[in-house]
Amino acid sequence: MPAPKKTARRSLLVTSAVLSSLALAAPVAVAAPKPSDSPSASASPSATPPASMSSVGGARLGRPGTQVNLASGVPVLPKDVSARSWIVADAESGDVLAAHNAHWRLAPASTLKMLFADTLLPKFPSDTKHKVVPADLAGIGAGSSMVGIKEEETYTVHDLWLGVFLRSGNDAVHVLSAMNGGVENTVKAMNEHAEELQALDTHVVSPDGYDAEGQVSSAYDLTLFARSGMQKKDFREYASTVRAKFPGQTKKGKKGKKVRESFEIQNTNRLLAGDSDVPVYEGIAGVKNGNTTNAGATFTGVAERGGKVLLVTVMNPEKPEHNEVYKETARLLDWGFKAAGKVQPVGELVPPKGAAQAKPGANPSGEAGGSGDGGSGTAGTGSKPVASAPAADGSSGIGTALGITGGVLVLLAGGAFLVNRRWPLPDLVRRRTRP
């Protein structure tokens with residue numbers, strides 16, 4: 001049956017009256033069996049989704065196949081989407097506009113790093129320094145994506161997060177995990193955070209998303225991770241940075257003096273950075289891509305147009321075309337922007353278990369903990385990014401897809417699910433030339 005129709009719609013000018021009408025009560029969370037009940041869950045999945053899946057967010061989201069309420073005036077979904085699972089959601093209201101096998105448990109690849117970042121970002125100030133020892137890099141899977149971290153070199157936490165978000169560096173993930181008490185402790189924290197977010201399809205085995213027995217997530221859960229993470233300023237800044245400088249290896253320069261040069265890294269999110277067959281998507285502002293043998297290509301993207309912010313997750317397109325996951329995401333985003341305000345939702349993105357609706361005017365900074373920096377305060381100095389201006393940390397300002405203007409979202413802050421300020425996403429991406 002369709003998800004309950006909301007009694008009130010949020011306007012872009014959020015008022016106390018609107019706030020009081022939008023209680024974000026979480027529905028009863030009914031999860032499918034845990035991955036531990038299916039030891040081969042991370043193996044190459046069947047082409048057929050299970051007949052029974054989780055109903056978190058609404059009964060229709062647990063049904064196999066495409067779920068959408070087509071009616072007069074609602075655009076038809078793109079026919080050339082081959083992904084095994086996908087979801088289109090309004091990031092502000094949480095409405096799921098359409099979905100296809102939304103709760104199908106599949107290998108997530110590096111999109112799982114969104115959960116890793118959302119879990120660990122608040123733990124270390126960005127200027128914290130760490131000297132890498134061999135044990136920090138132990139256990140990295142063969143063929144992993146790497147940013148190029150070297151043993152016995154010192155990196156800041158800011159450097160490490162750039163490596164995670166831009167290059168999907170498993171080496172950066174393992175160093176941050178070591179700082180957090182080790183991989184086992186980090187995996188435990190990630191699973192606990194997933195449960196708090198009501199991401200009950202997810203079971204973490206490796207913090208970097210590398211293929212592992214029993215490691216699964218779903219398009220629905222990955223969208224929850226993105227929604228939670230993008231409410232943090234530091235997460236938004238890292239996820240939207242196109243290119244930055246990364247510290248290299250210390251070498252002896254002229255006259256025997258030690259010199260440490262840097263090299264440029266670029267975001268592997270093709271909708272953000274562009275590619276020969278994929279233009280930069282208008283209004284894109286993150287979030288994360290992935291690709292492994294079991295997962296295929298996976299991607300979660302967020303974009304803003306005309307005051308609407310949409311989240312789209314695409315998992316494992318079956319078409320073998322180059323950059324197909326980005327092409328299908330772009331088509332679903334295009335559909336979502338046309339359908340928003342016309343299509344009745346088929347479900348919703350649930351708030352975290354412990355979320356409470358914030359009172360009007362609470363925590364005016366709109367950031368976790370009221371610090372104005374997204375809770376952890378780890379990325380940047382609190383100043384507003386400016387288009388086409390170089391950032392102080394050497395990141396390219398023109399390569400940063402967000403500022404403190406435009407966009408809309410429910411914000412998570414101090415345990416309260418805020419609905420009283422806008423998401424800081426800009427329209428400056430549409431003015432950027434493709435790198």
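**Group meeting: a buried alanine, two helices and two cores**

Okay, let's start with Ala297: this residue is buried, with a relative accessible area of 19%. The cut-off for buried is under 20%, so Ala297 makes it into that class. Bear in mind that we're looking at a predicted model here.

Where does Ala297 sit? It's in strand S9, which covers residues 296-305. And what does Ala297 touch, if we skip residues up to four places away in sequence? That would be Gly290, Asn291, Val314, Met315, Asn316, Pro317 and Val325. Take Pro317: it's 20 residues from Ala297 along the chain, yet their C-alpha atoms are separated by 6.8 Å.

Now over to the helices. H3 is residues 157-167 and H4 is residues 170-179; their axes come within 8 Å and cross at roughly 135°. That makes the two helices oblique to each other, and the crossing of H3 past H4 is left-handed. On the H3 side, the contact uses Val157, Leu160, Trp161, Gly163 and Val164, while H4 brings Ala172, Val173, Val175, Leu176 and Met179. Sort the residues of that contact and you get nine nonpolar, one polar and no charged.

So what about the cores? The largest nonpolar one has 66 residues, and Ile149, Trp161, Phe165, Leu176, Tyr220, Phe225 and Phe235 have the most contacts inside it. H3 gives this core its largest share, seven residues. Apart from that core lies another one, with 33 residues, including Val280, Val314, Tyr326 and Leu332.

One last stop, Leu176: beyond its neighbours within four places in sequence, Leu176 contacts Phe116, Leu120, Phe124, Val157, Leu160, Trp161 and Val164.

How values were computed. Residues are numbered from 1 along each chain as its sequence is written. This is a predicted model: local features need pLDDT of at least 70, side-chain atom pairs count only at pLDDT 80 or more; totals for chains, interfaces and linings use all residues. Side-chain values use heavy atoms; hydrogens and water are left out. Axes are lines fitted to C-alpha atoms, for helices over the stretch in contact, and angles run from 0 to 180 degrees between N-to-C directions. Helices (H or I, at least four residues) and strands (E, at least two) are DSSP runs, numbered from the N terminus. Angles under 35 degrees count as roughly parallel, over 145 as roughly antiparallel, 65 to 115 as roughly perpendicular and the rest as oblique. A crossing is left-handed if the near helix is turned anticlockwise from the far one by less than a right angle, and right-handed if clockwise. Contact means heavy atoms within 4.5 Å. Ala, Val, Leu, Ile, Met, Phe, Trp, Tyr, Cys and Pro count as nonpolar, Asp, Glu, Lys and Arg as charged, and the others, Gly among them, as polar. A nonpolar core is a set of buried Ala, Val, Leu, Ile, Met, Phe, Trp, Tyr and Cys residues joined through side-chain atoms within 4.5 Å. Buried means under 20% relative accessible area, exposed over 50%, partly exposed in between (1.4 Å probe, protein chains only).
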